[in-house]
Amino acid sequence: MTGLDQFIELDETSGTVTVEAGVFGPDLETVRSIARLDGGALSQSFDISTVGGWIACRGAGQRSNRYGTIADMVRGLHVVTANADLVVLGERGPRQAIGPDLMELFIGSEGTLGVITQATLTMHPVPESEQRGVFGFESFSEGMDACRCISSTTRDQRYCGSTTTPNRFDTSMSKRAF
């Protein structure tokens, strides 16, 4: 499948890119330099895996919490079935509320229903800037409390301190900032 490695179309207006299924992750990243668009899903195997593989395995990655998984990015598929029929699904049109979503049958099917040969993916504008940080904690328990507070929708007092201070970790959690 890695022989199917061509870029078919970059549509900056709709924010989509159409590629053959054998395009590797780093090659897809060339879109960033062309149109300042970002794919979003960065799986651990990004450097050695292909777009078709991500779709067939319903892949997710480090930034899936922001951009969604590969299933959220797929807007169109070309699939060849076992009897050599070409099934064309989606593309750039709006989603339809008529009948089952056939793309969902192929996304994550591991190739059992057909071989994905081409995909149209939604891309996102590259952020103007990025910031990253690392924090150290005195204990594992303190680190877990910080995670619970950050992910808590209510800022539970057990993990986040007093209710008058929305997040006590704003100042105390970075005892050892790296």
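A nonpolar patch here is made of Val, Leu, Ile, Met, Phe, Trp or Tyr residues with over 30% relative accessible area and no salt bridge, their side chains joined within 5 Å. With that in hand, open the model, which is predicted, and select Leu 102, Leu 105 and Leu 113. These three residues form such a patch on the surface, and together they have about 260 Å² of accessible area. Leu 105 lies in helix H6. Its relative accessible area is 49%, so Leu 105 is partly exposed, a class that ends at 50%.

**The whole chain**

Zoom out and colour by secondary structure. The protein has nine helices and nine strands. Of its 178 residues, 39% are buried. The accessible surface comes to about 10900 Å², and carbon and sulfur atoms hold 54% of this surface. For a contact map, take the contacts with a separation of 6 or more: 56% of them are between residues 24 or more positions apart.

**The open sheet**

Next, select strands E1, E2, E6, E4 and E5. They make an open sheet of five strands in the order E1-E2-E6-E4-E5, and the pairing is antiparallel. E1 (7-11) and E5 are the edge strands; each has a single partner strand, so each has one side without a neighbour in the sheet. From one strand to the next, the twist averages 10°.

Start the walk across the sheet at E2, residues 16-20. E2 pairs with E6 in the antiparallel sense over five bridges. To find the register, select Thr 16, which stands opposite Thr 122 in E6.

Move on to E4. E4 and E6 run antiparallel and are joined by six bridges. Here Val 80 has Val 115 in E6 as its bridge partner. On the E5 side, five bridges join E4 to E5, again in an antiparallel arrangement. Select His 78 to see this pairing; Val 88 in E5 stands opposite.

How much of E4 is buried? Five of its seven residues are, so E4 is largely enclosed by the rest of the structure. When inspecting side chains along any of these strands, keep a general rule in mind: in a regular strand they alternate between the two faces of the sheet.

**Two residues with positive phi**

Most residues other than glycine have a negative phi. Two exceptions can be visited in turn.

Select Ala 84, in the loop between strand E4 (74-80) and strand E5 (86-90). Phi of Ala 84 is near 70°, although the residue is not a glycine. The hairpin of E4 and E5 has five residues between the strands, and Ala 84 takes its positive phi in that hairpin. Is Ala 84 buried or exposed? Its relative accessibility is 61%, and because this is over the 50% cut-off, Ala 84 counts as exposed.

Then select Glu 110, in the loop between helix H6 (102-106) and strand E6 (115-122). Glu 110 has a positive phi of about 60° and is not a glycine. With a relative accessible area of 52%, Glu 110 is exposed.

**The salt bridge**

Go to helix H6 again and select Glu 104 together with Arg 58. How many salt bridges does the structure hold? The structure holds one. It is formed by Glu 104 and Arg 58, whose closest N and O atoms are 2.9 Å apart. The pair links distant parts of the chain: Glu 104 is in helix H6, Arg 58 is in the loop between helix H3 (51-56) and helix H4 (64-67), and 46 residues separate them. In general, side chains of opposite charge can pair when their charged atoms come close.

Show the surface around this pair. Glu 104 counts as partly exposed at 36% relative accessibility. Arg 58 is partly exposed as well, with a relative accessible area of 36%.

**Last stop: Asp 72**

Finally, select Asp 72 in helix H5, residues 70-73. Asp 72 is partly exposed, with a relative accessible area of 41%. Add Ala 60 to the selection and draw the distance between the C-alpha atoms. Asp 72 and Ala 60 are 9.9 Å apart in space, C-alpha to C-alpha, and twelve residues apart in sequence.

How values were computed
Residues numbered from 1 in each chain as written. Predicted model: local features only at pLDDT ≥ 70, side-chain atom pairs only at ≥ 80, totals over all residues. Heavy atoms only, no water. Helix = DSSP H or I, 4+ residues; strand = E, 2+ residues; numbered from the N terminus. Buried < 20%, exposed > 50% of the residue type's maximum accessible area, 1.4 Å probe, protein only. Contact = heavy atoms within 4.5 Å. Areas by Shrake-Rupley, 256 points an atom, 1.4 Å probe, with all protein chains shown as cover. Patch = residues over 30% accessible without salt bridge, like charges linked within 9 Å, V, L, I, M, F, W, Y side chains within 5 Å. Salt bridge = Lys/Arg side-chain N within 4 Å of Asp/Glu carboxyl O. Pairing = 2+ DSSP bridges. Axes fitted to C-alpha atoms, helices over the stretch in contact; angles between N-to-C directions.
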